[in-house]
Amino acid sequence: MTRRRWIADTWTEDSAALVGDQALHLARVLRAQPGQMFDVVANGFLRRAEVESVSEFEVILLLHEELEADASLPVHLLLAVIKFDHFEWGLEKVTELGAARITPVIARRTEKHLAQAAARRVERWRRIAREAAQQSRRSDLPEIDEPLSLTAALAGVSAKRRLLLAETEQEHTIENALRQKAVNEDNDFSLAFAVGPEGGWTSEEMQLFSENGWQHVTLGPRILRAETAAIAGLAICSALLR
Ligand code: SAM
């Protein structure tokens with residue numbers, strides 16, 4: 001039987017707590033009752049869990065045996081800050097697809113008012129990611145970084161394989177790059193890929209990526225919206241990295 005999954009806010013060795021919006025939703029909408037069973041991720045482990053007590057502020061669960069859980073995709077996405085409704089839709093979908101980390105990047109062509117407001121949206125973005133992770137039955141949360149300049153974002157990338165999705169690239173496809181790298185490299189499947197803003201990356205930014213060892217790749221002849229490119233890129237990774 002598939003049980004609904006929650007990601008605990010706090011935990012001890014044998015209990016976990018859901019607070020805030022999660023507790024309110026469980027208490028008011030789902031009318032959770034003591035004795036009800038859920039799957040709960042606590043301290044990075046997926047466990048079967050039994051509701052012990054319910055209030056609108058806190059739901060306490062007793063943790064039972066550990067369950068098998070799929071690992072997230074070892075993919076770090078650098079996504080330029082774009083119009084927030086598009087950014088948030090993309091963020092939700094790449095979380096469902098399993099991205100491990102998402103860095104919002106203030107690109108040269110990110111609109112000024114979005115760049116200024118981005119830092120205040122991070123908590124909302126983390127909430128969106130949490131809901132998408134739970135809904136898609138992930139056993140972990142993607143890390144959502146504070147918005148960074150491109151230089152700072154590049155400095156924070158540890159993945160060996162780095163792919164810049166560039167609509168100007170015509171020869172090298174993301175698919176070939178992933179297949180070649182998978183053959184060439186040992187057991188390190190970590191990967192970073194970057195998606196630019198509505199107006200694309202500037203040539204200086206593209207140059208900076210190259211200097212930092214990023215390979216430029218195409219998703220095909222059509223120009224996709226940034227959020228579509230992010231989702232398509234992640235779906236291809238999820239098919240080829242496994
Ligand atoms: N500057 C472009 C234009 O107006 O012609 C559009 C940029 S596109 C909307 C936003 C981002 O999506 C790009 O910077 C790139 O990262 C990614 N992208 C869109 N289509 C792509 C494609 N066919 N191949 C690779 N990346 C693509």
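Reader: How many bridges join strand 3 to strand 6?

Author: In this predicted model, strand 3 and strand 6 run antiparallel. One pair of facing residues is L18 and V59, the latter in strand 6. The number of bridges joining the two strands is five.

Reader: Which residue in strand 6 is the bridge partner of S53?

Author: Strand 5 also pairs with strand 6 in the antiparallel sense, over six bridges. A hairpin of three residues links strand 5 to strand 6. The bridge partner of S53 in strand 6 is I60.

Reader: Which residue in strand 3 stands opposite W11?

Author: Strand 3 covers residues 15-19 and pairs with strand 2 over two bridges, in the antiparallel sense. The residue of strand 3 opposite W11 is A16.

Reader: What is the order of the six strands in the open sheet?

Author: The edge strands, each pairing on one side only, are strand 1 (5-7) and strand 2 (10-11). The pairing within the sheet is mixed. The order is 1-4-5-6-3-2.

Reader: At about what angle to strand 3 does helix 1 run?

Author: Helix 1 spans residues 20-29. It lies across strand 1, strand 3, strand 4 (37-42), strand 5 (45-54) and strand 6 (58-66). The angle between helix 1 and strand 3 is about 90°.

Reader: How many residues of the shell around the ligand are nonpolar?

Author: The ligand is surrounded by 19 residues, and the closest are L165, L219, G220, R222 and L224. Five residues of the shell are polar and three are charged. The nonpolar residues number 11.

Reader: What is the distance from a nitrogen atom of the ligand to a polar backbone atom of G199?

Author: A polar contact needs N or O atoms within 3.5 Å. L219 offers a polar backbone atom 2.9 Å from a ligand nitrogen atom, and a backbone N or O atom of L224 lies 2.9 Å from a nitrogen atom of the ligand. For G199 the distance is 3.1 Å.

Reader: What percentage of the area that the ligand exposes when taken alone does the protein bury?

Author: Taken alone, the ligand exposes 590 Å². The share of that area buried by the protein is 83%.

Definitions and conventions:
Residues numbered from 1 in each chain as written. Predicted model: local features only at pLDDT ≥ 70, side-chain atom pairs only at ≥ 80, totals over all residues. Heavy atoms only, no water. Near = heavy atom within 4 Å. Polar contact = N/O pair within 3.5 Å; in protein donor to acceptor, adjacent residues only side chain to side chain. Areas by Shrake-Rupley, 256 points an atom, 1.4 Å probe, with all protein chains shown as cover. Nonpolar A, V, L, I, M, F, W, Y, C, P; charged D, E, K, R; others polar. Pairing = 2+ DSSP bridges. Helix = DSSP H or I, 4+ residues; strand = E, 2+ residues; numbered from the N terminus. Contact = heavy atoms within 4.5 Å. Axes fitted to C-alpha atoms, helices over the stretch in contact; angles between N-to-C directions.
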